[in-house]
Amino acid sequence: MDAFGEIGVFVRVVERQSFTRAAHALGLTASGVSRIVSRLEARLGVRLIERTTRSLGLTADGADYYERCTRILREIEEADGAIARSRSPRAAPRGRLRVDAPTAFGRFVIAPAIPHFLDAWPDLSLSLTLRDHLIDPIAEGIDVLVRMADLRESELLHRNLGTMPFVIVASPGYLARHGRPGSPGDLRKHRTLAFLTNGQPFAWRFGGSGRDSRFLPTGRLQTNSVDALRLAALAGLGVACLLEPHVRDDIARGELEVVLREHEQEPIAIHALYPKQRATLPKVRVFLDFLEQCLRTGAYAHRPRLQP
């Protein structure tokens with residue numbers, strides 16, 4: 001049996017948690033499966049599976065090897081699927097889609113629309129991780145990486161999905177104590193709450209009337225958590241710049257008020273990045289179309305209406 005065959009047997013043993021059950025699924029004997037795994041361990045020079053009379057357990061090396069092997073097998077499965085799709089380009093999207101997105105965007109844009117997206121594509125399943133730090137999507141097996149920032153040079157393909165609006169907000173109590181800013185310049189007299197990105201305060205950018213201005217918040221609170229920033233604004237600690245969907249309900253309840261509404265706040269661009277080998281996958285295509293429609297129509301505020 002070649003290396004790929006050994007890998008397949010090892011993965012099946014881990015998935016079934018039994019040499020006997022793996023052997024039954026593969027049409028082999030339990031002793032034959034055990035010999036294949038032992039041969040694989042001898043070739044690698046490490047023990048992958050701890051065997052007891054009652055159970056099996058992965059060693060640290062085994063867990064790492066299993067993760068890498070499943071990634072390889074998934075790539076092979078997708079390569080086989082790509083060939084099949086080349087014969088049937090309108091095939092329905094299927095399989096598991098792995099998406100990584102910023103925490104706030106995932107919570108307030110993707111998560112509310114997930115039920116309808118999965119209803120529209122019944123053969124799709126979704127693994128969604130929400131993180132704000134940089135990752136290697138290829139190493140982690142991510143199909144689509146969503147980011148809210150200017151694109152830097154990347155080996156990944158990218159697609160501009162649209163933009164999302166910011167609003168400048170403060171609590172009624174704060175405004176009663178400190179007054180309402182009338183222009184971006186007035187913010188220097190106020191307690192401004194900063195969102196940290198890559199360890200630095202995120203600059204507030206104002207456009208309109210042919211002029212651009214930039215304000216860097218320098219208040220006592222700086223945080224990389226949009227939830228902490230929102231709670232601080234609700235508590236009256238200062239003025240904050242947040243994505244409009246994040247505070248929409250707070251504004252509707254009167255717990256936060258929008259200030260400087262007449263000064264256009266520059267929206268942030270939303271980008272999707274994905275490996276070249278996944279560009280033709282129907283599951284990637286329909287998800288990107290879905291996100292683009294959400295942003296274009298503001299459907300994240302409601303239930304998006306998607307066309308298969």
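**Note on helix packing and nonpolar cores**

1. The buried residues of helix 8 are covered by elements that include helix 5, strand 6 (157–164), strand 7 (166–170), helix 7 (226–234) and strand 13 (240–243). The model is a predicted one, and the points below should be read with that in mind.

2. Within helix 8 itself, which spans residues 244–252, the buried positions are Glu244, Pro245, His246, Val247 and Asp250. After helix 8 comes Gly254, and its phi is positive, near 80 degrees.

3. The loop between strand 6 and strand 7, two of the elements that cover helix 8, contains Pro165. With a relative accessible area of 33%, Pro165 is classed as partly exposed, because buried would require under 20% and exposed over 50%. Although 78 residues separate Pro165 from Leu243 in sequence, their C-alpha atoms are 6.0 Å apart in space.

4. Helix 5, which also takes part in covering helix 8, packs in addition against helix 9. The axes of helix 5 (residues 103–120) and helix 9 (residues 282–297) come within 11 Å and cross at roughly 115 degrees, and the crossing is right-handed. From helix 5, the residues in contact are Phe105, Ile110, Ala113 and Phe117, and these meet Val286, Phe287, Phe290, Leu291, Cys294 and Leu295 in helix 9. Sorted by class, this contact has 10 nonpolar residues, with no polar and no charged ones.

5. Two of the residues in that contact, Phe105 and Phe287, reappear in the largest nonpolar core, which has 44 residues and in which Phe105, Val144, Ile270 and Phe287 have the most contacts. Helix 9 gives the most to this core, with 8 residues. As a general matter, nonpolar side chains in soluble globular proteins tend to be buried together.

6. Ile270 deserves a separate look. Leaving aside residues up to four places away in sequence, Ile270 touches Phe105, Val146, Arg147, Met148, Arg159, Asn160, Leu161, Gly162, Thr163, Met164 and Leu295. Phe105 and Leu295 in this list also belong to the contact of helix 5 with helix 9.

7. Apart from the largest core lies another, of 18 residues, with Phe19, Leu40, Ile49 and Cys69 among them. Cys69 has a relative accessibility of 1% and therefore counts as buried, the cut-off being under 20%.

8. Cys294, on the helix 9 side of the contact with helix 5, is likewise buried, because its relative accessible area is 0%. On the cysteines, the count of disulfides in the model comes to 0.

Key
Residues are numbered from 1 along each chain as its sequence is written. This is a predicted model: local features need pLDDT of at least 70, side-chain atom pairs count only at pLDDT 80 or more; totals for chains, interfaces and linings use all residues. Side-chain values use heavy atoms; hydrogens and water are left out. Axes are lines fitted to C-alpha atoms, for helices over the stretch in contact, and angles run from 0 to 180 degrees between N-to-C directions. Helices (H or I, at least four residues) and strands (E, at least two) are DSSP runs, numbered from the N terminus. A crossing is left-handed if the near helix is turned anticlockwise from the far one by less than a right angle, and right-handed if clockwise. Contact means heavy atoms within 4.5 Å. Ala, Val, Leu, Ile, Met, Phe, Trp, Tyr, Cys and Pro count as nonpolar, Asp, Glu, Lys and Arg as charged, and the others, Gly among them, as polar. A nonpolar core is a set of buried Ala, Val, Leu, Ile, Met, Phe, Trp, Tyr and Cys residues joined through side-chain atoms within 4.5 Å. Buried means under 20% relative accessible area, exposed over 50%, partly exposed in between (1.4 Å probe, protein chains only). A disulfide is a pair of cysteine sulfur atoms within 2.5 Å.
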